[in-house]
Amino acid sequence: MTELKAGLEHVSTVVVTASLTAEVMGSGDMPVFATPAMVALMENAAMKAVAPALEEGKTTVGGLIEASHLKPSPVGAEISAYAKLVEVDGKKLRFEIEAKEGDKTIGKATHLRFIVDREKFMSAL
């Protein structure tokens, strides 16, 4: 098992399809990569960065994300989110994330995730 410590990284990638556009997701009215889709990709990269380091039965849940969507991307573009764990404070994990289309930065975020017990979390529903 990987040690849970600052420096863990993961890259998640998606190709922009019509279903990931602002006009289809309802966050805008143009056929460009939607901000909610970018945020979901960022969270996915953060989740996957630490997943191999968690004890059995544990996972992470998103608690806060502060994101800036800086540039538009068209249908067909390949977008990658680069997440890096920068701080571990007990069950609280802080990430820095950058979304890129090729070498162009299209978004940046800071993100907090929290380690939870899967069964306990789901039993609270």
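Start by selecting Lys104 and Glu101: they form a salt bridge, and their closest N and O atoms are 3.5 Å apart. Show the surface around Lys104 as well, and you will find this residue partly exposed, at 29% relative accessibility. Keep in mind throughout the tour that you are looking at a predicted model.

**More salt bridges**

A search of the whole structure turns up four salt bridges, so there is more to click on. Go next to Arg94 and Glu96, whose side chains meet in a salt bridge at 3.0 Å from N to O. Arg94 is partly exposed, with a relative accessible area of 30%, and Glu96 is partly exposed too, with 34%. Now add Glu87 to the selection: salt bridges with shared partners join Glu87, Arg94 and Glu96 into one network.

Then select Arg113 and Glu43. Here is another salt bridge, with the closest N and O atoms 3.1 Å apart. Arg113 belongs to strand S5 and Glu43 to helix H2, so this pair ties together parts that lie 70 residues apart in sequence. Is Arg113 buried or exposed? Its relative accessibility is 5%, and so Arg113 counts as buried. Glu43, by contrast, is partly exposed, at 26% relative accessible area.

**The sheet**

Switch to a cartoon view and bring up the strands. Five of them form an open sheet in the order S1-S3-S4-S5-S2, with antiparallel pairing. At the edges you will find strand S1 (9-15) and strand S2 (58-69), each of which pairs on one side only. On average, neighbouring strands of this sheet are turned by 25 degrees against each other, direction ignored.

Helix H2 (residues 35-50) is the next thing to colour. This helix packs on the sheet and touches S1, S2, S3, strand S4 (92-101) and strand S5 (104-117). The direction of H2 makes about 140 degrees with that of S2.

Now zoom in on S1 and strand S3 (residues 78-89). These two pair in the antiparallel sense over seven bridges. For a landmark along the pairing, pick Val14, which stands opposite Ile79 in S3.

**A stop at Ser12**

Stay in strand S1 and select Ser12. With 6% relative accessibility, Ser12 counts as buried. Which side chain does the side chain of Ser12 meet in a polar contact? The partner is the side chain of Asn44, at 2.6 Å. Look also at the backbone nitrogen of Ala45, which lies 3.4 Å from a polar atom of the Ser12 side chain.

To see the wider surroundings, leave aside the neighbours of Ser12 within four places in sequence and display its remaining contacts: Leu41, Asn44, Ala45, Lys48, Ile79, Ser80 and Ala81.

**Zooming out**

Finish with the whole chain in view. The protein chain has three helices and five strands, and along the sequence they follow the pattern β-α-α-β-β-β-β-α. The radius of gyration is 15 Å, close to the 14 Å that the globule rule gives for 125 residues, so the chain is as compact as a globular protein of that length. Rotate the C-alpha trace onto its principal axes and it spans about 40 × 35 × 20 Å.

Two colourings round off the visit. Colour by burial, and buried residues make up 33% of the 125 residues. Then draw the contacts with a separation of 6 or more: residues 24 or more positions apart account for 65% of them.

Definitions and conventions: Residues numbered from 1 in each chain as written. Predicted model: local features only at pLDDT ≥ 70, side-chain atom pairs only at ≥ 80, totals over all residues. Heavy atoms only, no water. Pairing = 2+ DSSP bridges. Helix = DSSP H or I, 4+ residues; strand = E, 2+ residues; numbered from the N terminus. Axes fitted to C-alpha atoms, helices over the stretch in contact; angles between N-to-C directions. Contact = heavy atoms within 4.5 Å. Buried < 20%, exposed > 50% of the residue type's maximum accessible area, 1.4 Å probe, protein only. Polar contact = N/O pair within 3.5 Å; in protein donor to acceptor, adjacent residues only side chain to side chain. Rg over C-alpha atoms; globule rule 2.2 N^0.38 Å.
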